[in-house]
Amino acid sequence: MRKILVAGNWKMHGSKAMVRELLEGLLAGSAADGKADLVVFPSFPYLSLAESILSGSHIRFGGQNLNPHSQGAHTGETSGSMLKDMGCHYVLTGHSERRSIYGESDHDVALRFEAALQAKLHPVLCVGETLEEREQGLTEAVVGRQLDAVINHLGKDALRKAVIAYEPVWAIGTGVTASPQQAQDVHAFIRDKLRSLDDIIAGHLRILYGGSVKGSNAAELFAQSDIDGGLVGGASLTAEDFLAIYSAVS
Ligand code: PEP
């Protein structure tokens, strides 16, 4: 049985006051024995504050990206071991904004995924097609290729500690959500693909849906058999909105 995971990607948003208010609100409104696990991804400057507020609690946190190298002359970059040192348990890899704005290729993402595992972090591998790719019938080809980049580089066992987030690019930050059936179809494709490699890994791996998840659509999305939670952007920025999604888990 896979426990639902509700994860908040704060992107480049926040301030000390906002982080404190949001995390205190989440702690007050959620429980260690709740039906869902909660993870937040603050910007790097706020990881220390997140650690001080969340330390010893049931809410985990992670970095939004990491450099493939473990240390060295990489001005402006952050390594997996630094994230681990700050108390992170998770790190996002291959978010579509990293791929499209910062030019991260499938191979770059695989190297980051590898660095995450080396630092003993759980990588959250984001995959998903653009609207143009969907309209051309390429959704499975694109998602399959993004998965293969990691599997071919590291082998299937690399997925044991991972989470996958299916995030159709056309649904991120647009207010347009994939229908529960559209999302379920791609999640089932991902799980079937993994099942063909390893039944046990496929059965345990959590596959999150991301793309305009809100309190009003979360329950129906999470009720799909292969949707194991959500990666949430905009609606993770206030405790009220994020807890509405957390509360939708039945
Ligand atoms: C995201 O950025 O991962 C995301 C899903 O954003 P939003 O929920 O705002 O669409």
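Tutor: Before we start, a polar contact is a pair of N or O atoms within 3.5 Å. Keep in mind that this is a predicted model.

Student: OK. How far is the ligand's oxygen atom from the side chain of His-95?

Tutor: The distance is 2.9 Å, from an oxygen atom of the ligand to an N or O atom in the His-95 side chain. With the cut-off at 3.5 Å, that pair is a polar contact.

Student: And what about the backbone of Gly-173?

Tutor: A backbone N or O atom of Gly-173 is 2.6 Å from an oxygen atom of the ligand. For Ser-212, a polar backbone atom lies 2.8 Å from a ligand oxygen.

Student: How much of the ligand does the protein bury?

Tutor: The protein buries 95% of the 290 Å² that the ligand exposes when taken alone.

Student: Which residues come nearest to the ligand?

Tutor: Lys-11, Glu-167, Gly-173, Ser-212 and Gly-233 come nearest, out of 14 residues around the ligand. By class, that shell has eight polar, four nonpolar and two charged residues.

Student: Lys-11 again later, I guess. Where is the place of Lys-11?

Tutor: Lys-11 is in the loop between strand E1 (4-9) and helix H1 (16-29). Its phi is near 50 degrees, which is a positive value in a residue other than glycine.

Student: What is phi of Lys-120 near?

Tutor: Phi of Lys-120 is near 60 degrees, again a positive value in a residue other than glycine. Lys-120 sits in the loop between helix H5 (106-118) and strand E5 (122-127).

Student: Switching to pockets. How much space lies in the largest pocket?

Tutor: About 510 Å³. It is lined by 19 residues, and those closest to its centre are Lys-11, Met-12, Gln-64, Arg-98 and Tyr-102.

Student: Which helix gives the largest share of that lining?

Tutor: Helix H4 (residues 96-101), with three residues. Sorted by class, the lining of the largest pocket has eight polar, seven nonpolar and four charged residues.

Student: And how much space lies in the second largest pocket?

Tutor: About 290 Å³. Of its 15 lining residues, Arg-160, Ala-162, His-204, Leu-205 and Arg-206 are closest to the centre. Helix H9 (residues 199-204) gives the most to this lining, with three residues.

Student: What classes are in the lining of the second largest pocket?

Tutor: Eight nonpolar, five charged and two polar residues.

Student: Last topic. How many aromatic pairs does the structure hold?

Tutor: One. Tyr-166 and Tyr-209 form the pair, with 6.4 Å centre to centre and 55 degrees between the planes, and it counts as tilted.

Student: Which parts does the pair tie together?

Tutor: Tyr-166 lies in strand E6 (residues 163-166) and Tyr-209 in strand E7 (residues 206-210), so the pair ties together parts that are 43 residues apart in sequence.

Key
Residues are numbered from 1 along each chain as its sequence is written. This is a predicted model: local features need pLDDT of at least 70, side-chain atom pairs count only at pLDDT 80 or more; totals for chains, interfaces and linings use all residues. Side-chain values use heavy atoms; hydrogens and water are left out. A residue is near a molecule or strand if one of its heavy atoms lies within 4 Å of it. A polar contact is a pair of N or O atoms within 3.5 Å; within protein, one must be able to donate a hydrogen and the other to accept it, and residues adjacent in sequence count only if both atoms are side-chain atoms. Accessible areas come from the Shrake-Rupley method with a 1.4 Å probe; for residues, only the protein chains shown count as cover. Ala, Val, Leu, Ile, Met, Phe, Trp, Tyr, Cys and Pro count as nonpolar, Asp, Glu, Lys and Arg as charged, and the others, Gly among them, as polar. On a 1 Å grid over the protein atoms alone, a cavity is a set of points where a 1.4 Å probe fits but cannot get out, and a pocket is an open set with protein on both sides within 12 Å along at least five of seven lines; lining residues have an atom within 4 Å of a point. Grid points are joined across faces, edges and corners, and a volume is the space filled by probe spheres set on the points. Helices (H or I, at least four residues) and strands (E, at least two) are DSSP runs, numbered from the N terminus. Rings of Phe, Tyr and Trp (its six-membered ring) pair if their centres lie within 6.5 Å; planes under 30 degrees apart count as stacked, over 60 as edge-to-face and the rest as tilted.
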